[in-house]
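Student: Hey, can we go through this protein together? I'd like to start with what counts as touching.

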Amino acid sequence: FFPSYKMMGQVREKFLAIGGILEEMDCICQESGMGEQEREEFLQAFSGHREKTLVGFCVMGGIFAEGVDLKGESLVGVLIVGTGLPQISNEREILKQFYQQREGLGFEYAFRYPGMNKVLQAAGRVIRTGEDRGIILLLDERFLEEGYQRMFPREWQDYGQVTVGSVRREVERFWEQA
């Protein structure tokens, strides 16, 4: 899940440029303005047995970030890029000023809480039943800040921090223990 279509497109382009990636994986991408039939086809791609890993590129806060139930092994991981902060706008600035004067928490109410709500909705696509197992990767150093960690669900308290060099090893370790 990405914060915008623009960033999603840029990352997808780099991802697809990796040599041999399409021999190992199938990739699908959320498009702006998808119709009902296109949305159904996108979701159908996650069901049934697959020979290759399926990677779906989606936008946080978009149609696939909430209200989608991909149970069991249909979806076993989500990678979330960024903290989901809303774009700066006059409305956001007015909200920020209002809550800053009222409670001293302008940034939190106008930006951090709505952004984290998007993150939690996207992350919630992985675990839909008590039997589901999956991994959630949050890609943004800001998630290490106390202000974000206070908003983590209690199930996330046993998180691990990884680097580009260690992420593969840690994901493999997670699935070995599953």
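Tutor: Sure. Two residues are in contact when they have heavy atoms within 4.5 Å. Keep in mind that this is a predicted model.

Student: OK, so leaving out residues up to four places away in sequence, which residues does Ile127 touch?

Tutor: Ile127 touches Asp132, Arg133 and Gly134.

Student: And where does Ile127 lie?

Tutor: Ile127 is in the loop between helix H5 (106-123) and strand E4 (135-139).

Student: Is Ile127 buried or exposed?

Tutor: Somewhere in the middle. Ile127 has a relative accessible area of 40%, and buried would need under 20% while exposed would need over 50%. So Ile127 counts as partly exposed.

Student: How far apart are Ile127 and Gln157?

Tutor: They are 30 residues apart in sequence, and their C-alpha atoms are 16 Å apart in space.

Student: Let's zoom out. How many helices and strands are there in the protein?

Tutor: The protein has seven helices and four strands. Starting at the N terminus, the order is α-α-β-α-β-β-α-α-β-α-α.

Student: What does the C-alpha trace span along its principal axes?

Tutor: About 55 × 40 × 35 Å. The radius of gyration is 18 Å, and a compact globule of 178 residues would have one near 16 Å, so the two agree.

Student: What share of the residues is buried?

Tutor: Buried residues are 31% of the 178. As for the surface, the protein exposes about 11,600 Å², and carbon and sulfur atoms supply 49% of that.

Student: What about contacts between residues far along the chain?

Tutor: Take the contacts between residues at least 6 apart in sequence: 71% of them join residues at least 24 apart.

Student: New topic, charges! How many positive and negative ones are there?

Tutor: There are 21 positive and 28 negative charges, and the mean positions of the two sets are 4 Å apart.

Student: Back to helices. Why does the span of H4 agree with what it should be?

Tutor: Helix H4 covers residues 90-103, which is 14 residues, and at 1.5 Å a residue it should span 20 Å. Its end C-alpha atoms are 20 Å apart, so the span agrees.

Student: What follows H4?

Tutor: Gly104 does, and its phi is positive, near 75°.

Student: Which helix is Arg102 in, and is Arg102 buried or exposed?

Tutor: Arg102 lies in H4. Its relative accessibility is 57%, so Arg102 counts as exposed. The C-alpha atoms of Arg102 and Gln149 are separated by 24 Å, with the two 47 residues apart along the chain.

Student: Gln149, OK. Which residues is Tyr159 in contact with, leaving aside neighbours within four places in sequence?

Tutor: Gln149 is one of them, along with Leu144 and Phe152. Tyr159 itself is in the loop between helix H6 (146-149) and helix H7 (167-177). With a relative accessible area of 40%, Tyr159 is partly exposed.

Student: One more, Leu43. Where is its place?

Tutor: Leu43 is in helix H3, residues 36-44. Its relative accessible area is 23%, so Leu43 is partly exposed, given that buried means under 20%.

Student: And what does Leu43 touch, not counting residues up to four places away in sequence?

Tutor: Phe64, Val68 and Leu70. As for Ile28, Leu43 is 15 residues from it in sequence, and their C-alpha atoms are 9.9 Å apart.

How values were computed: Residues numbered from 1 in each chain as written. Predicted model: local features only at pLDDT ≥ 70, side-chain atom pairs only at ≥ 80, totals over all residues. Heavy atoms only, no water. Helix = DSSP H or I, 4+ residues; strand = E, 2+ residues; numbered from the N terminus. Rg over C-alpha atoms; globule rule 2.2 N^0.38 Å. Buried < 20%, exposed > 50% of the residue type's maximum accessible area, 1.4 Å probe, protein only. Areas by Shrake-Rupley, 256 points an atom, 1.4 Å probe, with all protein chains shown as cover. Lys, Arg positive; Asp, Glu negative; His and termini not counted. Charge placed at Lys NZ, Arg CZ, Asp CG, Glu CD. Expected span 1.5 Å × (residues − 1).
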